[in-house]
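Hi,

Here is the structure I promised to pass on. Have a look at it first, and then read my notes underneath.

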Amino acid sequence: MTSRVERKYRSATALQRRVVNPVVRRLPFQTLLETTGRVSGLPRRTPVGGRRVGDSFWLVSEFGERSQYVRNIQADPRVRVRIRGRWHTGTAHLLPDDDPVARLRTLPRFNSLGVRTFGAGLLTVRVDLDG
């Protein structure tokens, strides 16, 4: 990874970990992705942007497989997603063959802007929601 991309990754993750995520997680209608920690086994909640389409929820990870929630999905794909204040269970799928830039065009603009601004190594994630 280039030094520019590495700096971008480090600064974005530090900002998210210390400032953004602790505040945004508390907002009642913020979409959250809950994974199971691959080491701790504890629930890990991450604010995400995305869109529900039928029985699937789509999002784009801004740092691809470097994102902690993506690593948790690789260890255990069973997740929960809070959409408009309501929790849904499902199974997450990483889609490296999907075009994440094209996918971002179908997602809410605010999320797309943040992912494009801070992202490097984008990865599409689809969560198939249980009935």
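Below is what I found, going from the overall picture down to single residues.

First, a caveat: this is a predicted model. The mean pLDDT over the chain is 84, and 76% of the residues reach at least 70. Confidence bottoms out in helix H1 (residues 3-24), with a mean of 63, and peaks in strand S6 (residues 86-95), at 98. Where pLDDT is low, the predicted coordinates shouldn't be read in detail. I'd keep that in mind when you look at H1, given its mean of 63.

Now the layout. The chain has 4 helices and 7 strands, and from the N terminus the order is α-β-β-β-β-α-β-β-α-α-β. Of its 131 residues, 41% are buried. If you take contacts between residues at least 6 apart in sequence, 66% of them link residues at least 24 apart.

Strand S7 (residues 123-129) is a good place to start. Of its 7 residues, 5 are buried, so the strand is largely enclosed by the rest of the structure. S7 runs antiparallel to strand S4 (residues 56-61), with 6 bridges between them; Phe-57 has Val-127 of S7 as its bridge partner. S7 also pairs with S6, again antiparallel and over 6 bridges, and here Leu-95 is matched with Thr-124 of S7.

Phe-57 and Val-127 turn up again in the packing. The largest nonpolar core holds 15 residues, and both are among those with the most contacts inside it, along with Leu-33, Ile-73 and Val-81. At least two core residues come from each of S4, helix H2 (68-75), strand S5 (78-83) and S7, with S7 giving the largest share, 4 residues. There's also a second, separate core of 6 residues, including Trp-58, Val-60, Leu-107 and Val-115.

What does Leu-33 touch, leaving aside residues up to four places away in sequence? The list is Arg-44, Arg-45, Thr-46, Val-48, Tyr-69, Ile-73, Val-79, Arg-80 and Val-81.

Finally, the rings. Searching the whole structure turned up 0 aromatic pairs. Arginines do sit over tryptophan rings, though: the charged end of Arg-103 is over Trp-58, 3.7 Å from the ring centre, and that of Arg-80 is over Trp-87, at 4.1 Å. So that you can place them, Trp-58 is the one from the second core, and Arg-80 is one of the residues touching Leu-33.

Cheers

Definitions and conventions. Residues numbered from 1 in each chain as written. Predicted model: local features only at pLDDT ≥ 70, side-chain atom pairs only at ≥ 80, totals over all residues. Heavy atoms only, no water. Phe/Tyr/Trp six-rings, centres within 6.5 Å; stacked < 30°, edge-to-face > 60°. Lys NZ or Arg CZ within 6 Å of the ring centre and 35° of its normal. pLDDT = per-residue confidence, 0-100. Buried < 20%, exposed > 50% of the residue type's maximum accessible area, 1.4 Å probe, protein only. Pairing = 2+ DSSP bridges. Core = buried A, V, L, I, M, F, W, Y, C linked by side-chain atoms within 4.5 Å. Contact = heavy atoms within 4.5 Å.
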